[in-house]
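Q: I would like to learn how to read a structure of this kind. Please take the features in turn, giving the general idea before the case at hand.

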Amino acid sequence: MALASSSYPVAGAQTHGEVDRLYAETRDLRLNGFLLFMVSDLVLFSSFIFAYLYLRNSGQGWPPPGINRLDVAFAAFNSVVLFGSGTTMHFALENWKHGHFMKYANWLIATIVLGVTFLGGQGYEYYTLMARLHHTWSGSGIFGASFFTLTGMHGLHVFAGVCFLTVLLMQSVMGKYTPQKYFGLTAGTLYWHFVDVIWVLLFSIFYLI
Amino acid sequence: MSVAVHGEVHGGGVADHIHPEPQTFVRKYIFSIDHKIIGIQYIITSFVFMGLGGLLAELIRVQLMHHSGALVNPDTYNELYSIHGSTMVWLVIIPLLTGGFGNFVFPLQIGARDVAFPWLNMVSFWIFPPAGLMLYSSFLMGAPVAGWTEYPPMSLQGAAGTSMWAAAIFLIGVSSTMTGINFLVTLLKMRAPGMTFTRMPLFCWAQFATAPLLMIATTALGAALAALFIERQFGVPFFDPTKGGSPVLWQHMFWFYSHPAVYIMILPAFGMISEILPTFARKPIFGYKMIAFSSVAIALLGFMVWAHHMFTSGLAPWLQLPFMILTFFIAIPTGIKIFSWLTTLWGGKIQFSTAMLFAVGFIATFTFGGITGVFLAAVPFDLHAHGTYFIVAHLHYVLVGGSLMAILGGVHFWYPKMSGRMMNETLGKWTFWLFFIGFNGTFIPMHWLGLLGMPRRVATYDPQFQTWNIVATAFSFVMTAALLLFFINALYSLRNGRKAGPNPWNARTLEWQIPSPPPYYNFKHVPAVFAAPYDFAEPLPYRGLEGELDPSVPAPVPAGH
């Protein structure tokens, strides 16, 4: 914007151009803020991952004595569910951009269902693990400290994401977004992919190595 | 991103972030979304907590007047210094420098009408006083006893107040993270047209280097605090060695935050000094770019040196060496700043106002504290001095002689802008000299005590150390008197100070070109910027400040779109 042409909007007499410019600028700010929020959230996970790797390599062997190896096959299935939900979310956003409302809604509902399925799977995994560990978190030692804290924190993020997507679905039904102005949906998609990426990290360090 | 060539101004971020004028008292002064009011709220709250933390400090000093402990039993003494340290770090210095002065000053300096997320800013502030009260409520249930660093296993054995401490600091961390995100987006996106990075005032550069530290390091601390809380409340072992955990893990997690936090507590102070010195030396700041870039260099290096706090924790010797060398490296950008400030003074037409006295005092005491920091970075010396009063002396030289000195200078400098009235200069000069003498008298003897082997964090000590402890306590009363005088001056001047006018110091950054106190909209027109602000021989590098208020209130874009 050259200075000479920078006329400020006058209240009550805004042109479409001004409104669009304000929207674009506001969206830009929010996008940057949201990305930085995700960076700081990543640091939170990284700190716990550091703690896990530190405890894992503190010379007691892993898994610690008395703890069985994790059930990789089940977790792999559950991971596929979560990664699939990332794909469906992508389709939801693309359909929104092209104005296909029904397709958008179906893909978004599929995403939410897959997210809930993942949480259910995680609950089942916790239940079986806890049964083996005699139903106490504190009795699970440094294994439980790192595994349940990290995957639990991720599970809370998935839960928050499911709530976020549900709110977005209701908002879009109520007409809050248009195919041109949909920052909330962008943020929701970014967040959901972020949760996916965190799970890739956690799956690798808990089940694969 | 703004680029300007030959006086032409292109680009420019979100300039017009104007709010409707707040109508009610509550919207204007309590739940305000105006960055200036929020900044002042932070400053007042932090100074209240400073009164409490200072009271604890005096109790500590009185206790140490006699070698067998003059006042309280050792358990209570542990609580006193733990809460004293936590208060001063998290409730006083960090909020004053970032939420307080950061909020008030830098949006004005970059020509913005507010920060990027005003509502988030309000939430950040309103987390802070309740969290502070939570910290103090821990006295009711047995306050933490392991110092502000709360090393396990002692922190695992502390009373219930330790969990309250962890929760309170966690909340303050959330507030800091939000502030960091807010400031970073504001600095990146909301500079006035023509305000390129190399035209930003140096205080803005300092905030720019600090914001990522707030955002990243504080979150890491949040993880450590959450782990401590979980371990204390649910018995899940992270840090307890008898259950397979590792106390050294806490030290890594804690210092990965708390070393960058040291720079959170000093970089904005550097920025304040870089504003005060050229204004009262009537000379362009020397080495503008070097000062600006060295802040960023310090922030980056700050993430790579945390383990120098852990040389006595059984860190592998091959790991100690790189941490020692990287820590030495930090002396280079810091030295660049100090020499640039000295060169700014060289040949200047110096006016020793109170703010300038504090700035010059800062250079002296901070350099002293910085040099003892280089001592401590050296592994052999650290093994000798670790856990002694030498550490106490060093950290107070950089945090009180550094950060607090800059803050007091900053208050005297920006008070006219905040309140519209001047502070009393005679009282101000008394404040400075009492503070300077009291401060040095309190903390210089601690270097000697430390080298002689007096351990920190103990309620009683060997009788041979008594003389210097009495000296330190006596001078600490002088320092307290100075701070009381400062509070009296600030309150008295609010009503009785001389009217300041827009620019009492003849300063050149943008905040001085608008009325004092600034109106809710900050700038009638968002100005265009043509150069960095420090060239005192040239006319002001701004255009478009004058004229009628642009009445525009942009149509609010509904949230969440």
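A: Let us begin with helix length: the expected span of a helix is 1.5 Å times one less than its number of residues. The model shown here is predicted. In it, helix α15 of chain B covers residues 425–452. This helix has 28 residues and reaches 41 Å from its first C-alpha to its last, close to the 40 Å expected.

Q: Which residue takes a positive phi just after α15(B)?

A: That residue is Gly453(B), with a phi of about 110 degrees.

Q: How much confidence does the predictor express in the complex and in chain B?

A: For the complex, the predictor gives an ipTM of 0.90 and a pTM of 0.92. Chain B averages a pLDDT of 91, and 94% of its residues score at least 70.

Q: Where in chain B does pLDDT stay under 50?

A: The general caution is that, where pLDDT is low, the predicted coordinates should not be read in detail. In chain B, pLDDT stays under 50 over residues 1–16, for which the model has 43 contacts beyond four places in sequence. The value also stays under 50 over residues 553–561, with 22 contacts of that kind in the model.

Q: How should the overall dimensions of chain B be read?

A: One sets the radius of gyration beside the value for a compact globule with that number of residues. A compact globule of 561 residues would have a radius near 24 Å; chain B has 23 Å, so the two agree. Along the principal axes, its C-alpha atoms fill a box of roughly 70 × 55 × 50 Å. Chain B has 16 helices and 4 strands, and 57% of its residues count as buried. Among its contacts between residues at least 6 apart in sequence, 82% join residues at least 24 apart.

Q: What does the corresponding reading give for chain A?

A: For chain A, the radius of gyration is 22 Å, but a compact globule of 209 residues would have one near 17 Å. The C-alpha trace of chain A spans about 70 × 40 × 25 Å along its principal axes. Its secondary structure comes to 5 helices and 0 strands, in the pattern α-α-α-α-α along the sequence. Of the 209 residues, 29% count as buried. Among contacts in chain A between residues at least 6 apart in sequence, 76% join residues at least 24 apart.

Q: Which residues touch the most other members of the largest nonpolar core?

A: This core has 210 residues, and Ile93(B), Ala220(B), Ala224(B) and Ile273(B) touch the most other members. Helix α7 of chain B, residues 202–234, gives the most to this core, with 22 residues. Leaving out residues up to four places away in sequence, Ile93(B) touches Met88(B), Met265(B), Leu399(B), Ser403(B) and Leu404(B).

Q: Is Phe128(B) buried or exposed?

A: A residue is buried if 20 or more other C-beta atoms lie within 10 Å of its own. Phe128(B) counts as buried because it has 24 C-beta neighbours inside that distance of 10 Å. Its place is in helix α4 of chain B, residues 118–137.

Q: What does Phe128(B) touch beyond four places in sequence?

A: Phe128(B) touches Thr45(B), Pro95(B), Gly99(B), Ile172(B) and Ser175(B). In addition, the C-alpha atoms of Phe128(B) and Ser46(B) are separated by 9.4 Å, although these residues are 82 residues apart along the chain.

Definitions and conventions
Residues numbered from 1 in each chain as written. Chains lettered and ligands numbered in written order. Predicted model: local features only at pLDDT ≥ 70, side-chain atom pairs only at ≥ 80, totals over all residues. Core = buried A, V, L, I, M, F, W, Y, C linked by C-beta atoms within 7 Å. Buried ≥ 20, exposed ≤ 12 C-beta atoms within 10 Å, placed from the backbone. Helix = DSSP H or I, 4+ residues; strand = E, 2+ residues; numbered from the N terminus. Contact = placed C-beta atoms within 7 Å. Rg over C-alpha atoms; globule rule 2.2 N^0.38 Å. pLDDT = per-residue confidence, 0-100.
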